[in-house]
Amino acid sequence: MSSSFDQVTAYLPEGLLPKWLLFLSVVSIGNSIQAYVSLAGSREVYSGSGSSPSPVTPLSARTFGTWTALSSIIRFYAAYNIHDPIVYQLALWTYGLAFAHFFSEWLVFGTAKWGRGIAGPAFVSTISLSWMLAQWGSYVS
């Protein structure tokens, strides 16, 4: 008997990148839900600088949750349609925007301190963006 994961990934194109996109899509939906029900996760990322309080409000957390859900949906479609250049480009843009957002909040605006909260999104966006750029020719012709 095959596992649920095998059933879901059976329809994915070959390679690790589609599996990575699917995995991150599922994880991101969880992050989106968390942003709607609690401020804790968002406050871990956007901790403020120095003695200033976290800039996270219920509205900003929900907005971030919505943005994350939209990115997750695009990445989900890219996992299954990775050979479509438009879908590939859209997924690539989600990582490019995430990269620009997280690094600017850390280095430019100072609303994020380097630590566990920002490290995960920074590493995921950097690795995914680099991987997708490097693999463009393997999936899109």
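**Helix packing and aromatic clustering in a predicted all-helix chain**

Among contacts (heavy atoms within 4.5 Å) in the chain between residues at least 6 apart in sequence, 66% join residues at least 24 apart. The model is predicted, so local features require pLDDT of at least 70 and side-chain atom pairs pLDDT 80 or more, while totals for chains, interfaces and linings draw on all residues. Numbering starts from 1 along each chain as its sequence is written, and side-chain values rest on heavy atoms, with hydrogens and water left out.

The secondary structure comprises six helices and zero strands, taken as DSSP runs (H or I over at least four residues for helices, E over at least two for strands) and numbered from the N terminus. The C-alpha atoms occupy a box of roughly 50 × 35 × 20 Å along the principal axes. Of the 141 residues, 35% count as buried, that is, under 20% relative accessible area with a 1.4 Å probe and protein chains only, against over 50% for exposed and partly exposed in between.

Two of the helices can be followed in some detail. Helix α4 (residues 58-80) has 23 residues that should span 33 Å at 1.5 Å a residue, and its end C-alpha atoms are indeed 33 Å apart; the expected span is 1.5 Å times one less than the number of residues. Its buried residues are Ala61, Gly65, Thr68, Ser71, Ser72, Arg75, Ala78 and Ala79. An α-helix has 3.6 residues a turn, so residues three or four places apart point the same way. The cover over the buried residues of α4 includes α2 (16-37), α3 (40-45) and α5 (85-107).

Helix α6 (116-139) has 24 residues and reaches 33 Å from first to last C-alpha, close to the expected 34 Å. At Leu133, α6 bends by about 35°, the bend being the angle between axes fitted to the seven residues ending there and the seven starting there. Buried positions in α6 include Gly117, Ile118, Ala122, Leu129, Met132 and Tyr139, and their cover includes α2, α3 and α5.

Met132 and Tyr139 return in the largest nonpolar core, which has 17 residues; together with Leu17, Leu21, Ile82, Tyr88 and Tyr95 they touch the most other members. Such a core is a set of buried Ala, Val, Leu, Ile, Met, Phe, Trp, Tyr and Cys residues joined through side-chain atoms within 4.5 Å. Helices α2, α4, α5 and α6 each supply at least two residues of this core, and α5 gives the most, with five. Apart from it lies another core, of eight residues, among them Tyr46, Ala98, Ala112 and Ile118. Tyr95 also has a charged partner, as Arg75 lies over its face at 3.9 Å from the ring centre (the criterion is NZ of Lys or CZ of Arg within 6 Å of the ring centre and within 35 degrees of the ring normal).

Aromatic contacts complete the picture, with 13 aromatic pairs in the structure. The rings of Trp106 and Trp114 have centres 4.7 Å apart and planes at 40°, so the pair is tilted. Trp114 also pairs with Phe123, here edge-to-face, at 5.8 Å centre to centre and 85° between the planes. Rings of Phe, Tyr and Trp (its six-membered ring) pair if their centres lie within 6.5 Å, with planes under 30 degrees apart counted as stacked, over 60 as edge-to-face and the rest as tilted. Ring pairs link Phe99, Phe103, Trp106, Trp114 and Phe123 into a cluster. Trp106 counts as partly exposed because its relative accessibility is 28%, and Trp114 does so at 42%.
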